[in-house]
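Good morning, and thank you for making time for this item. I shall take the fold to begin with, then turn to charged side chains. Please have the model open as I speak.

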Amino acid sequence: MSSANAQTANDLLIGSHVSMSGKEMMLSSVREALSYHANTFMLYTGAPQNTRRKPVEELRIGEAWQFMRLHHIESFVVHAPYIINLANTVKPETRRLAVDFLAQELDRTQKMGSRLLILHPGAHVGAGPKAGIQSIIDGLNEVLSEPSDVCIALETMSGKGSDIGSSFEQLAAIYDGVRYPDRLRVCFDTCHVHDAGYDIAHDLDGVLEQFDRLIGKDQIAVFHINDSKNERGSAKDRHADIGEGYLGFAPLYALTHHPDFPGIPKILETPWYPDPSNPARTLPPYGREIAWLRTGKKPKGEEII
């Protein structure tokens with residue numbers, strides 16, 4: 001590996017989804033991230049399937065930040081729960097909950113010290129993309145009207161069901177309609193983009209150029225680095241471990257080290273794998289995958305460098 005590549009590997013901002021639970025709460029998140037040799041991480045403020053949340057005073061935020069600084073972790077990102085659906089115009093009570101809870105999550109994110117909240121744009125549940133996109137725009141306008149240092153990063157989606165955000169054009173339409181576009185960013189999920197039909201495995205720069213024309217590459221604030229269990233365009237959203245899916249190791253390594261995105265966090269959300277010594281037990285893949293993506297060296301003859 002050349003000295004230039006080594007410097008790139010050393011500067012790479014990479015981590016994974018980590019849990020926040022038990023008595024240590026956010027402090028346990030930092031410990032988990034460090035166990036993978038990560039220098040950033042992503043967490044949920046509570047279970048992604050519900051709205052139950054502990055008061056921020058119980059999250060041990062100060063201790064977590066002291067531990068982060070001790071180990072040179074300077075930032076992390078938060079993911080909003082899946083139950084937030086700003087696009088639902090079919091059930092007004094569901095949408096009202098989404099707007100109110102998103103505002104609360106934005107406040108929690110700021111109090112925890114992150115500046116980025118990742119959000120699935122939403123699903124139109126049968127009302128059609130046009131109605132769904134307008135509902136997302138209205139909801140974001142309401143939430144973002146309150147001052148905050150936190151940006152909302154709209155996640156690229158796979159096209160599963162009635163999800164909105166599987167095309168760059170849909171994300172661009174949301175940007176165009178929101179009154180506070182300076183508070184918006186994008187979370188670029190590799191599995192989702194592949195499953196939505198974009199050929200990042202063979203034409204990564206072409207896909208990024210298309211994104212740049214419609215939205216701007218400078219709007220990508222975080223990457224989710226995931227392989228896919230499905231062929232391109234499947235619209236299924238099933239993550240695979242790095243190098244074990246239809247994307248493959250080389251394109252994901254190339255994106256992770258892409259010169260257009262220095263300092264942008266890369267977050268792994270890959271599935272746990274069976275323990276070879278005990279198939280009934282699963283192990284987190286993040287430590288080994290972070291090492292592979294840093295060095296370009298993966299077992300089974302898939303080395304980049």
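One term is needed at the outset: buried means under 20% relative accessible area, exposed means over 50%, and partly exposed covers what lies in between. I should also say that this is a predicted model.

Let us begin with the barrel. Which strands close into it, and in what order? There are 8 strands, running β1-β2-β3-β4-β5-β6-β7-β10, and their pairing is parallel. On average, neighbouring strands of this sheet are turned by 30 degrees against each other, with direction ignored. As a general reminder, strands of a sheet pair through backbone hydrogen bonds, either parallel or antiparallel.

Consider β1, residues 14-17, and its two partners. Strand β10, residues 266-268, runs parallel to β1 and is joined to it by 3 bridges. Here I14 stands opposite K266 of β10. Strand β2, residues 40-43, also pairs with β1 in the parallel sense, over 3 bridges. In that pairing, H17 stands opposite M42 of β2.

Two helices may now be placed against these strands. Helix α6, residues 168-177, lies across β5 (151-155) and β6 (184-189), and runs at about 165 degrees to β6. Helix α10 lies across β1, β7 (220-225) and β10, and its angle to β1 is about 155 degrees.

Helix α10, which spans residues 286-295, contains E289. What is the nearest side chain of opposite charge to E289? It is R288, 5.3 Å away; E289 is buried yet has no salt bridge. A salt bridge here requires a side-chain nitrogen of Lys or Arg within 4 Å of a carboxyl oxygen of Asp or Glu, so the distance of 5.3 Å to R288 falls outside that limit. A polar atom of the E289 side chain does, however, lie 3.0 Å from the backbone nitrogen of I242. Leaving aside residues up to four places away in sequence, E289 touches D241, I242, L268 and T270.

I turn next to the charged pairs. Side chains of opposite charge can pair when their charged atoms come close. How many salt bridges does the structure hold? The count is 11, and I shall describe some of them.

In the pair formed by R31 and E24, the closest N and O atoms are 3.0 Å apart. R31 counts as partly exposed because its relative accessibility is 38%, and E24 counts as partly exposed at 27%.

Helix α4, residues 92-112, holds both R96 and D100, which are 4 residues apart, about one turn of the helix. Their side chains meet in a salt bridge of 2.8 Å, N to O. R96 is partly exposed at 33% relative accessibility, and D100 is partly exposed at 34%.

The side chains of R108 and E105 meet in a salt bridge as well, at 2.7 Å, N to O. These two residues are 3 apart in helix α4, so about one helical turn separates them. Are they buried or exposed? R108 is buried, with a relative accessible area of 10%. E105 counts as buried because its relative accessibility is 0%. A network of salt bridges links R53, E105 and R108.

To close, I would set two buried glutamates side by side: E289 has no salt bridge, whereas E105 belongs to a network of salt bridges with R53 and R108.

Technical notes. Residues are numbered from 1 along each chain as its sequence is written. This is a predicted model: local features need pLDDT of at least 70, side-chain atom pairs count only at pLDDT 80 or more; totals for chains, interfaces and linings use all residues. Side-chain values use heavy atoms; hydrogens and water are left out. Buried means under 20% relative accessible area, exposed over 50%, partly exposed in between (1.4 Å probe, protein chains only). Lys and Arg count as positive and Asp and Glu as negative; His and the chain ends are not counted. A polar contact is a pair of N or O atoms within 3.5 Å; within protein, one must be able to donate a hydrogen and the other to accept it, and residues adjacent in sequence count only if both atoms are side-chain atoms. Contact means heavy atoms within 4.5 Å. Two strands pair if DSSP finds at least two bridges between them. Axes are lines fitted to C-alpha atoms, for helices over the stretch in contact, and angles run from 0 to 180 degrees between N-to-C directions.
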